[in-house]
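Dear colleague,

Please find below the structure that I am handing over to you. A summary of the findings comes after it.

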Amino acid sequence: MPTRVVVLGAGFGGLELTTILSEEFGKAIDVVLIDKGDAFIFGFSKLDVMFGRQPLAAVRHPYKDFLKPGVRFSQTTIRSIDPATRRTVTDAGTFDADILVVALGADLDPAATPGLMEGGHEFYSVAGAAALREKLPAFEGGPAIVGVCGKSFKCPPAPSETALLLHDFLTERGRREASQISLVMPFGTPIPPSPDTSQAILKAFSERGITFVKDKLVKSLDPVRKVAVLDDGAEMPCALFLGIPVHRVPQVVVDSGLAAHPYDWVPVNKQTLATKFPGVYAVGDVNGVGTPKAGVFAEGSAKIVAAAIVAEIKSGAPPEPYKGQGSCYVEFGHNEVGRVDVDFLSGPKPTGTFQQPSAALVAEKAQFGRSRIARWFSR
Ligand SMILES: Cc1cc2nc3c(=O)[nH]c(=O)nc-3n(C[C@H](O)[C@H](O)[C@H](O)COP(=O)(O)OP(=O)(O)OC[C@H]3O[C@@H](n4cnc5c(N)ncnc54)[C@H](O)[C@@H]3O)c2cc1C
């Protein structure tokens with residue numbers, strides 16, 4: 001009997017993991033990949049959709065094209081997970097596994113911020129980004145806030161990128177002078193592990209007249225008075241609010257006992273990504289390994305878990321420990337992209353190395369996306 005691997009979630013982590021297993025074993029393995037969605041979309045594509053740089057159809061990669069030897073894709077919603085027996089119950093039936101990988105990402109909870117959806121917008125979901133694409137062109141001017149509502153959120157550079165791209169968007173439409181852009185973030189600098197990257201972003205903010213409100217969260221919005229209320233009680237006038245909603249552990253993962261509560265990401269062994277349940281791993285945003293919530297880290301952790309599964313099946317040596325390293329591209333606007341290479345787990349504290357924005361990095365980021373799609377969606 002081939003080893004049965006069930007992978008929950010076909011995001012960055014799940015796609016990379018199943019691709020490696022298919023490459024390694026072909027039809028000699030029995031992998032089931034489960035996702036409720038019908039297509040993969042890069043996180044960064046949401047910014048492209050929101051600012052009208054790409055149509056939604058161009059950034060959707062349908063799972064019907066994910067055809068790999070040894071892998072079955074099932075589009076269905078996961079209803080319960082029993083990590084002790086490695087049994088998953090879905091709307092399409094029950095799946096039992098020898099090895100279970102939980103890669104369900106981070107859920108968004110806009111309702112946790114009173115007034116967010118009545119008085120503002122979120123752009124972290126595909127639906128939210130697509131809705132803003134229709135709404136943004138109607139913004140005539142006034143105070144615009146890009147605001148983070150919870151401490152733990154996907155892609156730490158994304159709020160800064162959004163403020164810079166909003167500057168370009170309003171400039172191109174002749175509305176920048178009538179607008180004031182502020183970014184509210186729970187960090188002291190835009191990218192804490194990399195002072196060089198933070199300095200470059202703060203310089204770009206100052207050149208463009210963007211206000212950086214540090215060490216603050218947006219706690220609520222008052223749609224009647226048109227203000228955003230911060231966690232220290234301060235209020236900011238707000239005609240346009242682009243929010244990064246509170247992130248939480250998916251409820252089905254909390255119910256499984258893999259996480260203690262909605263804000264306690266699944267505890268794992270930092271070197272192996274193994275949970276406390278034998279044969280159960282957690283990769284990507286859903287885990288609490290201590291890296292940022294970003295696709296590159298989901299991919300890196302998937303590679304380690306895939307290597308561990310290969311080693312187990314082939315009785316080989318276990319893989320090198322996970323190092324929590326990854327490269328993030330940072331949109332600076334003005335058609336420029338910078339890059340920060342971060343290392344979260346190798347040393348005593350996280351470090352980051354910055355590459356200045358350039359046209360070459362624009363091409364490199366595009367190639368980064370293209371190469372993943374070619375790898376995951378080729379037969
Ligand atoms: C605006 C924005 C910009 C970003 N930019 C970047 C960037 O430039 N670089 C970068 O590396 N990262 C970026 N990210 C972050 C990146 O998108 C995520 O960190 C990454 O997708 C996490 O991968 P994952 O595999 O852990 O989870 P995900 O990719 O979120 O996948 C989880 C999957 O689980 C599925 N799922 C969840 N619950 C269920 C259920 N009950 N039943 C069935 N299926 C379920 C979901 O449908 C989803 O497909 C960005 C994110 C955003 C929002």
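The notes that follow treat the ligand site, then the nonpolar cores, and then two serine residues. Please bear in mind that this is a predicted model.

**The ligand site**

The ligand is surrounded by 24 residues, of which Gly13, Asp35, Ile78, Asp285 and Gly295 come nearest. Sorted by class, this shell has eleven nonpolar, nine polar and four charged residues. Two of the nearest residues also offer backbone atoms to the ligand: a backbone N or O atom of Gly13 is 2.8 Å from a ligand oxygen atom, and a backbone N or O atom of Asp285 is likewise 2.8 Å from an oxygen atom of the ligand. The protein buries 90% of the 1000 Å² that the ligand exposes when taken alone. Two elements, α1 (12–25) and α9 (295–314), give two or more residues to the shell. Helix α9 supplies the largest share, three residues. In addition, a polar backbone atom of Phe12 lies 3.2 Å from an oxygen atom of the ligand.

**The nonpolar cores**

In soluble globular proteins, nonpolar side chains tend to be buried together. In this model, the largest nonpolar core has 109 residues, and those touching the most other members are Leu15, Phe40, Val101, Leu136, Leu166 and Val253. Helix α9 gives the most to this core, with ten residues. Leu136 may serve as an example: not counting residues up to four places away in sequence, Leu136 touches Met50, Phe51, Leu166, Phe169, Leu240 and Leu242. There is also a second, separate core of 13 residues, which includes Cys149, Leu230, Met236 and Cys238.

**Two serine residues**

Is Ser182 buried or exposed? Ser182 counts as buried because its relative accessibility is 12%, and the cut-off for buried is under 20%. Ser182 is placed in strand β13, which covers residues 179–184. Apart from neighbours within four places in sequence, Ser182 is in contact with Ala144, Ile145, Val146, Thr211 and Met236. Met236 is also among the members of the second core.

Ser256 belongs to helix α8, residues 251–256. With a relative accessibility of 11%, Ser256 therefore counts as buried. Beyond its neighbours within four places in sequence, Ser256 is in contact with Ile81 and Pro83. Ser256 and Thr88 are 168 residues apart in sequence, while their C-alpha atoms are 9.9 Å apart in space.

With kind regards

Key. Residues numbered from 1 in each chain as written. Predicted model: local features only at pLDDT ≥ 70, side-chain atom pairs only at ≥ 80, totals over all residues. Heavy atoms only, no water. Near = heavy atom within 4 Å. Polar contact = N/O pair within 3.5 Å; in protein donor to acceptor, adjacent residues only side chain to side chain. Areas by Shrake-Rupley, 256 points an atom, 1.4 Å probe, with all protein chains shown as cover. Helix = DSSP H or I, 4+ residues; strand = E, 2+ residues; numbered from the N terminus. Nonpolar A, V, L, I, M, F, W, Y, C, P; charged D, E, K, R; others polar. Buried < 20%, exposed > 50% of the residue type's maximum accessible area, 1.4 Å probe, protein only. Contact = heavy atoms within 4.5 Å. Core = buried A, V, L, I, M, F, W, Y, C linked by side-chain atoms within 4.5 Å.
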